[in-house]
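Please open the model in a viewer and keep the sequence panel at hand. The tour below proceeds from one selection to the next and states what is to be found at each stop.

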Amino acid sequence: MGGAGDHGALAVALGAHGFRTRGWVVPAKDAAPRLSDGRAAAAIALIGHAGGEIWPYFSAWRATQEGIADPLDSWSKAVIGPIAAEAGGEAVFPSDRPWHPFQQWAMAAEGLKPSPLGMLIHPDYGLWHGYRGAILFGSSVAGRLAETGTAGRGQVRNHPCDDCADKPCLTACPVGTYTLQGFAVADCRAHLATAAGRQGCMQAGCLARDACPVGRSYRYGEAQIRFHMSAFA
Ligand code: B12
Ligand code: SF4
Ligand code: SF4
């Protein structure tokens, strides 16, 4: 791979596994995550996916890993960790505690805003996207990002929820767990444990997420939906 933070080489390496760079952030010094040597990271490349693009790669790997715990997190680490090192950075992951503020980074990197469901909505991908890691870089990359004008330029065209008068996402849940006041996670989990929940949301996915008309062509396939539901429940 090219030098630290070579955008093109990084995109190619990630793309070979179905990942994509979801934008760059130059964090304020007092809010920057730390590199392993204690320095504040100067630039962050956010790594994720849109729609089902990681699913064939992940599924092929998983078939070789019988009984592995947290398979999607494990696969993400196995893939993104070495790519980060090769690029001269250090990988961090959304599942690791203390939690890094992935959604705040995503808002800065791509100019996204939260939907009423809490998930960030993308004008193209809708609610069908996620973050699988981030690569922290030292100072040399921040300078190059500033030169190329890449960081923080991911201002999206519009926030889809502003133009959505009916907000069907807020009325589709059979037990009313989503309101403008937030997400009642215990009520959701209680429903998923019932026969109706096992036959409904656990099979077909979250009805609230599925009610959103934005980004339908990025909707996950059935196997991916069931995988995420069982990981959540
Ligand atoms: C803890 C957690 C949860 C908890 C609590 C969520 C909460 N109330 O904050 C639970 C278990 C409920 C949860 C559920 C889900 N989560 Co979650 N979760 C996280 C996690 C690991 C940490 C969040 C956090 O506290 N961060 C620390 C603070 C400092 O970071 P932050 O960026 O400032 O945090 C923001 C979030 O807390 C957000 N927020 C607040 N309320 C809610 C509510 C919901 C439902 C969500 C998704 C976010 C959210 O607002 C904060 C300010 O920006 C993040 C990964 C991460 N590291 O951020 C994923 C994450 C937020 N989750 C995500 C997703 C997709 C989900 C699910 C849809 C999972 C699924 N299996 O499909 C469900 C929603 C369930 C449903 N029925 O719809 C994605 C969101 C992607 C996006 N498009 O925005 C993330 C980023 C993980 C990822 N790998 O991409 N999650
Ligand atoms: S249904 Fe409307 S308000 Fe709800 S997430 Fe989709 S665009 Fe936003
Ligand atoms: S998974 Fe089902 S119960 Fe949970 S919030 Fe979505 S629609 Fe409601």
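## Stop 1: Ligand 2

Begin by selecting ligand 2, which sits in the largest cavity. The structure is a predicted model, and every value in this tour is computed from it.

Display next the residues that surround ligand 2: S115, P116, I121, C161, C164, K167, P168, C169, C212, P213 and V214. Coloured by character, this shell divides into nine nonpolar residues, one polar residue and one charged residue.

Two members of the shell merit a separate selection. Select S115 to begin with; S115 lies in the loop between β4 (113-114) and β5 (120-121). Is S115 buried or exposed? With a relative accessible area of 8%, S115 is buried, because the limit for that class is under 20%. Show the side chain of S115 as sticks and follow it to the backbone oxygen of M119, which it reaches at 2.7 Å.

Then move to K167, in the loop between α5 (139-148) and β7 (178-179). The backbone of K167 has a positive phi of about 45 degrees, although the residue is not a glycine. Its relative accessibility is 24%, so K167 counts as partly exposed.

## Stop 2: Ligand 3

Select ligand 3 now. Where does ligand 3 sit? Ligand 3 sits in the largest pocket. The elements that give two or more residues to its shell are α6 (185-192) and α9 (207-210). Of these, α6 gives the most to the shell around ligand 3, with three residues.

Which residues are the closest to ligand 3? They are C173, T177, C188, C201 and C206, in a shell of 14 residues. By character, the shell around ligand 3 comprises twelve nonpolar residues, two polar residues and no charged residues.

Two of these cysteines can be examined for exposure. C188 has 13% relative accessibility and therefore counts as buried. C201 is likewise buried, with a relative accessible area of 9%.

With cysteines on display, a check for disulfides is a natural step. A disulfide requires a pair of cysteine sulfur atoms within 2.5 Å; by this rule the count comes to zero.

## Stop 3: Ligand 1

Select ligand 1, which also sits in the largest pocket. How many residues surround ligand 1? There are 24, and the closest are Q103, Q104, L120, Y131 and Y178.

To see which parts of the fold contribute, colour α4 (102-110), β6 (129-137), α6 (185-192) and α10 (222-232); each supplies at least two residues of the shell around ligand 1. The shell divides into 14 nonpolar, seven polar and three charged residues.

Three polar approaches to ligand 1 can be displayed as distances:

- Q103: an N or O atom of its side chain is 2.7 Å from an oxygen atom of ligand 1.
- H100: a backbone N or O atom lies 3.0 Å from a nitrogen atom of ligand 1.
- H129: a polar side-chain atom lies 3.4 Å from a nitrogen atom of ligand 1.

## Stop 4: Backbone features

Leave the ligands and select P98, in the loop between β3 (90-92) and α4. The peptide bond that leads from R97 to P98 is cis, with omega near -10 degrees.

Select D70 next, in the loop between α2 (55-62) and α3 (71-86). Its phi is near 45 degrees, a positive value in a residue other than glycine. Is D70 buried or exposed? D70 counts as exposed, because its relative accessibility is 54% and the class begins over 50%.

## Stop 5: G88

Finish at G88, which is found in the loop between α3 and β3. G88 is partly exposed, with a relative accessible area of 49%. From the C-alpha atom of G88, draw a distance to the C-alpha atom of G18: the two residues are 70 residues apart along the chain, and the separation is 21 Å.

Methods: Residues numbered from 1 in each chain as written. Chains lettered and ligands numbered in written order. Predicted model: local features only at pLDDT ≥ 70, side-chain atom pairs only at ≥ 80, totals over all residues. Heavy atoms only, no water. Buried < 20%, exposed > 50% of the residue type's maximum accessible area, 1.4 Å probe, protein only. Near = heavy atom within 4 Å. Polar contact = N/O pair within 3.5 Å; in protein donor to acceptor, adjacent residues only side chain to side chain. 1 Å grid on protein atoms, 1.4 Å probe; cavity = no way out; pocket = protein on both sides within 12 Å on 5 of 7 lines; lining within 4 Å. Sits in = over half its atoms within 2 Å of the grid points. Helix = DSSP H or I, 4+ residues; strand = E, 2+ residues; numbered from the N terminus. Nonpolar A, V, L, I, M, F, W, Y, C, P; charged D, E, K, R; others polar.
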